[in-house]
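Visitor: I should like to go through the reasoning behind the labels used for this model, taking each value together with the cut-off that decides it. Could you begin with the rings?

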Amino acid sequence: MKPNFFCIYLIIIIIICSRLQAQELEAQVIVNSDLVNQTNQQIFKTLERSLNEFINTQVWTDKEFLNNEKITCSFIFNLTGYSNDQFEASLQVQSQRPVFGSNYDSPILNFLDKDVVFSYQEFQPLFFNKSSFESNLISLISFYANIIIGLDADSFSLNGGEQYYRQARQIVNLAQITSRKGWKPSDGRRNRFWLIDSLISNTFREYRIAFYTYHREGLDQMTSDPNEGKYSLMKSIKQLEPLFNRRPNALLLQIFFDAKVEEIVNLFKEGPKVDFKNTEELLKKIAPFFGSRWKQIKA
């Protein structure tokens with residue numbers, strides 16, 4: 001019996017399409033209510049379930065992502081207050097990126113947002129609209145989703161995250177109508193406004209250059225040529241020096257080392273030895289808060 005080529009073709013098309021329509025993020029959302037005095041915990045469980053569904057089913061870009069290309073990330077809400085559908089919390093946002101030729105995921109983002117206040121009614125539907133401000137909760141999640149995707153793209157291609165940062169900036173602009181904190185320059189120096197402003201500003205251009213060098217020329221070379229990979233990692237840290245000289249307290253420098261300190265220490269403690277002395281002195285200069293960690297590297 002001859003095979004039904006039409007059926008075979010149709011099955012192949014379905015498989016391909018199902019792979020290409022996969023969403024960009026593989027996120028875990030945790031809503032921690034330990035600090036909230038609330039007998040009925042169901043609202044928090046519903047919120048957690050709704051946010052997981054929203055983030056992981058939303059199509060954030062026009063790019064085609066395979067299932068194995070999804071970006072692993074997490075959103076941890078530590079609730080500090082709840083009353084009449086009003087939530088107060090801090091939000092820890094983290095994301096990782098796979099390293100070529102290994103089973104290792106490199107930390108990309110580890111950012112604490114302390115200005116999280118939003119309204120949510122149980123079973124309230126969550127929808128993202130690019131052209132309007134729907135709610136503080138939706139804007140918050142959508143903003144960080146674009147930041148995560150942008151940083152991931154920047155790590156694979158020089159300035160590859162530009163369009164996602166532009167979308168994040170649009171979310172910030174639309175959120176100016178709300179009185180909730182975190183969206184305006186007057187709300188502090190470590191918030192959403194300053195994060196996206198720094199990422200797209202030419203003033204901090206060295207950050208994105210160093211970010212690409214660190215990941216694509218450094219980490220991705222470690223399995224094939226660990227010696228050369230380490231020199232590229234040191235090169236990327238050197239690329240941050242002009243930024244430090246110009247803006248020593250730059251938010252992006254803090255964010256970079258908050259995510260990378262453990263990784264840098266572990267990478268240079270292990271494997272082939274390189275002349276790390278100048279890089280160590282530079283790290284003590286541009287990331288002095290981690291001085292005790294840099295001392296653990298024995299080059």
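Guide: This is a predicted model, and a search of the whole structure finds 19 aromatic pairs.

Visitor: What makes the pair of Phe 256 and Phe 257 edge-to-face?

Guide: Their ring centres lie 5.0 Å apart, which satisfies the limit of within 6.5 Å for a pair, and their planes stand at 85°, which falls in the class over 60 degrees, so the pair is edge-to-face.

Visitor: And why is the pair of Phe 268 and Phe 276 called tilted?

Guide: The centre-to-centre value for Phe 268 and Phe 276 is 4.5 Å, again within 6.5 Å, while the angle between the planes is 40°, neither under 30 degrees nor over 60, and therefore the pair is tilted.

Visitor: How do you know whether Phe 256 and Phe 257 are buried or exposed?

Guide: Buried means under 20% relative accessible area; Phe 256 has 3%, so Phe 256 counts as buried, and Phe 257, with 1%, is therefore buried as well.

Visitor: What does the cut-off of 20% say about Phe 268 and Phe 276?

Guide: Phe 268 has a relative accessible area of 4% and is therefore buried, and Phe 276, at 2%, counts as buried too.

Visitor: Which residues do ring pairs link into a cluster?

Guide: The cluster contains Phe 256 and Phe 257, together with Tyr 207, Phe 211, Tyr 214, Phe 290 and Trp 294.

Visitor: How do you know that the charged end of Arg 97 sits over the ring of Phe 156?

Guide: The label asks for CZ of Arg to be within 6 Å of the ring centre and within 35 degrees of the ring normal; for Arg 97 the distance to the centre of the Phe 156 ring is 3.8 Å. Arg 192 likewise lies over the face of Trp 183, at 4.5 Å from the ring centre.

Visitor: Where does Phe 156 lie with respect to the largest pocket?

Guide: Phe 156 is one of the lining residues nearest the centre of that pocket, along with Phe 65, Glu 69, Ile 71 and Asp 152. The pocket has a volume of about 410 Å³, and the largest share of its lining, four residues, comes from α3. By class, its lining has seven nonpolar, five polar and seven charged residues.

Visitor: What makes a space a cavity and not a pocket?

Guide: In a cavity a 1.4 Å probe fits but cannot get out, whereas a pocket is open. The structure holds one cavity of 30 Å³ or more, and the largest cavity has a volume of about 50 Å³. The largest share of its lining, three residues, comes from α4.

Key: Residues are numbered from 1 along each chain as its sequence is written. This is a predicted model: local features need pLDDT of at least 70, side-chain atom pairs count only at pLDDT 80 or more; totals for chains, interfaces and linings use all residues. Side-chain values use heavy atoms; hydrogens and water are left out. On a 1 Å grid over the protein atoms alone, a cavity is a set of points where a 1.4 Å probe fits but cannot get out, and a pocket is an open set with protein on both sides within 12 Å along at least five of seven lines; lining residues have an atom within 4 Å of a point. Grid points are joined across faces, edges and corners, and a volume is the space filled by probe spheres set on the points. Helices (H or I, at least four residues) and strands (E, at least two) are DSSP runs, numbered from the N terminus. Ala, Val, Leu, Ile, Met, Phe, Trp, Tyr, Cys and Pro count as nonpolar, Asp, Glu, Lys and Arg as charged, and the others, Gly among them, as polar. Rings of Phe, Tyr and Trp (its six-membered ring) pair if their centres lie within 6.5 Å; planes under 30 degrees apart count as stacked, over 60 as edge-to-face and the rest as tilted. Buried means under 20% relative accessible area, exposed over 50%, partly exposed in between (1.4 Å probe, protein chains only).
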